[in-house]
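Subject: Structure for your review

Dear colleague,

Please find below the structure that I am handing over to you. My findings follow directly after it.

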Amino acid sequence: MLDEQFLQQSIALAKENVKTGGRPFGAVIVSNGKVVATGVNQMLERCDPTAHAELMALRQAGKALGRVRLEDCVVYASGQPCPMCLAAMRMAGIARIIYAYSNEEAEPFGLSTQAIAESLRVEPQQQIGLTFIHQRPKGESQPALYTFWQEQQHS
């Protein structure tokens, strides 16, 4: 029953966001049965293509819990997370995601991210509409920046 309540909370957040001119996406992050963060899509308000509900909630959860690893958290989202949000959740260690509406259900409204998900299944060098170039700085035989970082970690 708690899953349904948290999912309904994500939908309620999305509806409130629509009422204020935002997009219909909300997210709730729960740890040990308690809400630790919420977010709504703020792409338009912030002119930020990364201001998705799930990312806004992840940022808030990290601050609230004082850590970047969120293995003990569950994400509840009004819509199927896009590839960017899914990647961020995986990087944070999220293992359980529950969403209300699928990409197929979002498609008729112009809200599906299925096409992006499909394009990302192809190697970047082979993606249509993307130029993806690996160019190490001149004179470097090894990744100097990463070597510098590693040295700083051990000093």
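In this predicted model, S31 stands opposite K34 in strand β2. S31 belongs to β1, which spans residues 26–31 and is joined to β2 by 6 bridges, the two strands running antiparallel. Further along this pairing, A27 of β1 faces G39 in β2. The two strands form a hairpin with 2 residues between them, and N32 in the turn has a positive phi of about 55 degrees.

S31 also has a partner in β3, where its bridge is to C73. Between β1 and β3 there are 5 bridges, and these strands likewise run antiparallel.

The sheet as a whole is open and consists of 4 strands in the order β2-β1-β3-β4, with mixed pairing. Its edges are formed by β2 (34–40) and β4 (96–101), each of which pairs on one side only. From one strand to the next, the twist averages 15 degrees.

Two helices that pack on this sheet deserve mention. Helix α1 (residues 2–19) touches β1, β2, β3 (73–79) and β4, and its direction makes about 145 degrees with that of β1. Helix α3 (residues 53–65) touches β1, β2 and β3, with its direction at about 140 degrees to that of β2.

How much of β1 is buried? The strand is mostly covered, as 6 of its 6 residues are buried. In a regular strand, side chains alternate between the two faces of the sheet. In β1, G26, V28 and V30 point one way, whereas A27, I29 and S31 point the other way, and all are buried.

Two loop residues were also examined. T50 lies in the loop between α2 (43–46) and α3. Is T50 buried, partly exposed or exposed? Its relative accessibility is 28%, so T50 counts as partly exposed, given that buried means under 20% and exposed over 50%. Not counting residues up to four places away in sequence, T50 touches L55, R59 and M84. Of these contacts, M84 is 34 residues from T50 in sequence, and the C-alpha atoms of the two are 8.1 Å apart.

The second residue, S112, is found in the loop between α5 (103–106) and α6 (114–119). Leaving aside neighbours within four places in sequence, S112 is in contact with N103, A106 and E107. The C-alpha atoms of S112 and G79 are separated by 9.0 Å, with the two residues 33 apart along the chain.

Turning to the chain overall, the secondary structure comes to 7 helices and 4 strands. Read along the sequence, these elements follow the pattern α-β-β-α-α-β-α-β-α-α-α. The C-alpha atoms fill a box of roughly 55 × 40 × 25 Å, taken along the principal axes. Of the 155 residues in the chain, 33% are buried. Among contacts with a separation of 6 or more, 45% are accounted for by residues 24 or more positions apart.

The accessible surface of the chain comes to about 10400 Å², and 56% of it belongs to carbon and sulfur atoms. The chain has 14 positive and 15 negative charges, whose mean positions are 5 Å apart.

Yours sincerely

Note on methods:
Residues are numbered from 1 along each chain as its sequence is written. This is a predicted model: local features need pLDDT of at least 70, side-chain atom pairs count only at pLDDT 80 or more; totals for chains, interfaces and linings use all residues. Side-chain values use heavy atoms; hydrogens and water are left out. Two strands pair if DSSP finds at least two bridges between them. Axes are lines fitted to C-alpha atoms, for helices over the stretch in contact, and angles run from 0 to 180 degrees between N-to-C directions. Contact means heavy atoms within 4.5 Å. Buried means under 20% relative accessible area, exposed over 50%, partly exposed in between (1.4 Å probe, protein chains only). Accessible areas come from the Shrake-Rupley method with a 1.4 Å probe; for residues, only the protein chains shown count as cover. Lys and Arg count as positive and Asp and Glu as negative; His and the chain ends are not counted. The place of a charge is taken as NZ of Lys, CZ of Arg, CG of Asp or CD of Glu.
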